[in-house]
Amino acid sequence: MEKSSPRFVWHYIKIFKWQFMLLAGCVMVRNFADATQPYFLAKIYGIVAEKNQGDYWSEIINYASLLAIISLISLFISESSMFIIARFLPKAKTMVIRDVFYDVNKQSISYFNNEMTGNISHKVNILANSTTDFIGYCFEVMHTIGRLSAAIIVLSWVSCYYTVFICIWIAIVVFISCKLGKIRRFWGNETGRLSSAANAVIVDAISNYNEIKSFANFKFEKINLLKSLRILRKAETTEKKVMGWIRIAQQFISLTSLIIFIFFSIYMLKAGKIDSTQFIFANTVFLNVSFLAFQMSWVYNNVSKLFGNISSALETLAVNPEIIDRDDAFNLKIKKATISFENVTFGYQHRNKLFKCLNLEIKAKEKVGLVGLSGSGKSTFIKLISRYYDVDSGSIKINGYDLRDITQDSLHQNIATIPQDVCLFNRTLLENIRYGDTEASNEKVEAAAKKAYADIFIKQFSDGYNTKVGDRGIILSGGERQRIAIARAILKKAPILIFDEATSALDSQSEIHIQKSLKNLMKGKTVLAIAHRLSTLREMDRILVFDKGKIVEDGNHEALLKKNGLYAKLYKMQVAGFMGDEQ
Ligand SMILES: Nc1ncnc2c1ncn2[C@@H]1O[C@H](COP(=O)(O)OP(=O)(O)OP(=O)(O)O)[C@@H](O)[C@H]1O
Ligand SMILES: [Mg+2]
């Protein structure tokens, strides 16, 4: 995505260049039609003023008929240009949204960690609306420039002095408009930024409404929001005041220039450089365009504001993804997976290094359990395998291929993850399970749900598989959401399976059932399973014990118990009932 606002907008203007040219043609014809109208009017006034003895009615009727024909042509062309605009502006808007959505999806996980999702969608809307509004304003600009050019040309027919006058006048107006536009742009950016900040506070509060209710902290949130709104209100008030002053300045310039033009024309008439018909014609033309100075500055101001909005949205959206596929990255196609960590060092931004020189190999089809105290690095370890973050040094390889040489899509296709917090789409249960394999038939989805022990609770809903799960799966319990995630993973058929506390929210009875289906699911796959409930890891080939980013123990359940180290300590604590809930 282009980072600078002019380039971003230009990209879309280029796409619709033919429509633009057609519209430019319409604008030119219309403006010349408009500019010649005062000529016929002046002729009619002239004839009426002289009150010739002869048959002047037929002359007036001729001029009036020409005036009517030209006005009709102008009307027809200006209205037909609206239809051209109506055809392509909505198209441009959907293209912007489509492109931004596509680019935002390329962002790495850290981008979504840093940016609030509500803020991102707010910026997408601002970007799409401002870009199309900007393109719309381009026609106003074209129209204004067209009218001014037509006025210059027709006035130069009357006298070359008028050409000089109007050119100087336009130069002054453009100069002042640029200066005023800068002030306007500054305030446009400021209000755009503050409005996003206020919006972020609202989104944050709404998405955490559970916490607000349970802590009864609505008053606190209200004060929080009011603080942001107060800052926004102040900025908007100042912006409006600034706009008011700018408007007064523009009106004053238009009025003054009209008065100067009239005096200049009187001087020209007195000096015999123009006759009375030309006097009427020139003043009518200038009267028609003098307000354009004002309109041009308004268009310029609005364009400046839109540019401010586009720039502020691009600051958030046009960020280079932290993790990108190499140009020569290839698609990983594997049936079984060996995972190796070679001298891996990694730390989150602004944090100390979590892993230092980590070396490890997980053989194909090995079932590995990851245990350790909270914050010891288990989830980070599996996120690195999915390349949600790039290692700082060293490398992670699958079957000898460095993750950085593989396309991210193909890597993720080979990994099925059941995360710690399962989030579901606000779609039906059927669609959520089918997400593991979008091509799967209803029968396959139902079979997967049965294996994941989800079928039982799904059938209790009156709409069964067609039940909508609500925002992030709100209508389901934690354990039910986990079962949906397991069903989804069953459908995915990936050679690497990752469970991050996949059964932690299940009751012991459901867990016994699911363990059986998980056993089937794990067959022939490389498995990494994080569990705090150590009893679930007894059957694993190997258990890695994490402590502050280091793997301090590595072996199977029996061997680690014999070793009497951290694992044995944790296990005994659970057996004694301090931490766990079962033996
Ligand atoms: N996105 C992040 N940005 C910065 N630091 C993070 C991020 N995610 C995790 N951390 C930090 O990295 C460390 C390891 O976190 P991680 O989530 O890997 O622990 P964990 O072993 O999975 O813990 P738990 O058992 O509680 O899930 C913690 O100190 C945590 O605060
Ligand atoms: Mg974790």
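Hi everyone. Let's start with a single residue: Tyr435 has 19 C-beta neighbours inside 10 Å, so it counts as partly exposed; the buried class begins at 20. Please keep in mind that this is a predicted model. Where does Tyr435 sit? You'll find Tyr435 in the loop between α12, residues 429–434, and α13, residues 442–451. There is a partner to look at as well: Ala487 is 52 residues away from Tyr435 in sequence, and their C-alpha atoms are 9.8 Å apart in space.

Now let's go to the ligand. Thirteen is the number to remember here, because I'd like you to look for the shell: of the 13 residues around ligand 1, those that come nearest are Tyr348, Ser374, Lys378, Ser379 and Thr380. Which helix gives the most to this shell? That is α10, spanning residues 378–385, with three residues. As for the chemistry of the shell around ligand 1, nine residues are polar, two are nonpolar and two are charged.

Let's stay with α10 for a moment. Its buried residues are Lys378, Phe381, Ile382, Leu384 and Ile385. Why do we say that they line one face of the helix? Looking down the axis of α10, the buried residues fall within an arc of 155°, so one face is what they line. As background, an α-helix has 3.6 residues a turn, so residues three or four places apart point the same way. And what do the buried residues of α10 pack against? The strands involved are β1 (339–346), β3 (367–372), β4 (393–398), β7 (496–500), β8 (526–530) and β9. Just after α10 comes Arg387, with a positive phi of about 55°.

One of those strands, β9, takes us to Arg542. This arginine lies in β9, which covers residues 542–547. Is Arg542 buried or partly exposed? Partly exposed, because 18 other C-beta atoms lie within 10 Å. Setting aside neighbours within four places in sequence, Arg542 is in contact with Glu366, Val368, Asp554, Gly555 and Asn556. For a long view across the model, try Arg542 and Phe165: they are 377 residues apart along the chain, and 89 Å separates their C-alpha atoms.

Next, two residues with positive phi. Cys357 has a phi near 50°, a positive value in a residue other than glycine. Cys357 belongs to strand β2, residues 355–362, and with 13 other C-beta atoms within 10 Å it is partly exposed. Lys493 is not a glycine either, yet its phi is positive, at about 55°. You can find Lys493 in the loop between α15 (478–492) and β7. With 14 C-beta neighbours inside 10 Å, Lys493 counts as partly exposed.

Last stop: a pair of helices. Two packed helices are described by the angle between their axes and the distance between the axes. For α1 (residues 5–15) and α5 (residues 117–158), the angle is about 60° and the axes are 10 Å apart. Which hand does the crossing of α1 and α5 have? It is right-handed. The contact is made by Val9, Tyr12 and Ile13 from α1, together with Thr131, Phe134 and Ile135 from α5. Sorted by class, the residues of this contact are five nonpolar, one polar and no charged.

That's my tour, and thanks for listening!

Methods. Residues numbered from 1 in each chain as written. Chains lettered and ligands numbered in written order. Predicted model: local features only at pLDDT ≥ 70, side-chain atom pairs only at ≥ 80, totals over all residues. Near = placed C-beta within 6 Å. Helix = DSSP H or I, 4+ residues; strand = E, 2+ residues; numbered from the N terminus. Nonpolar A, V, L, I, M, F, W, Y, C, P; charged D, E, K, R; others polar. Axes fitted to C-alpha atoms, helices over the stretch in contact; angles between N-to-C directions. Left-handed = near helix turned anticlockwise from the far one by under 90°. Contact = placed C-beta atoms within 7 Å. Buried ≥ 20, exposed ≤ 12 C-beta atoms within 10 Å, placed from the backbone. Arc of directions from axis to C-beta.
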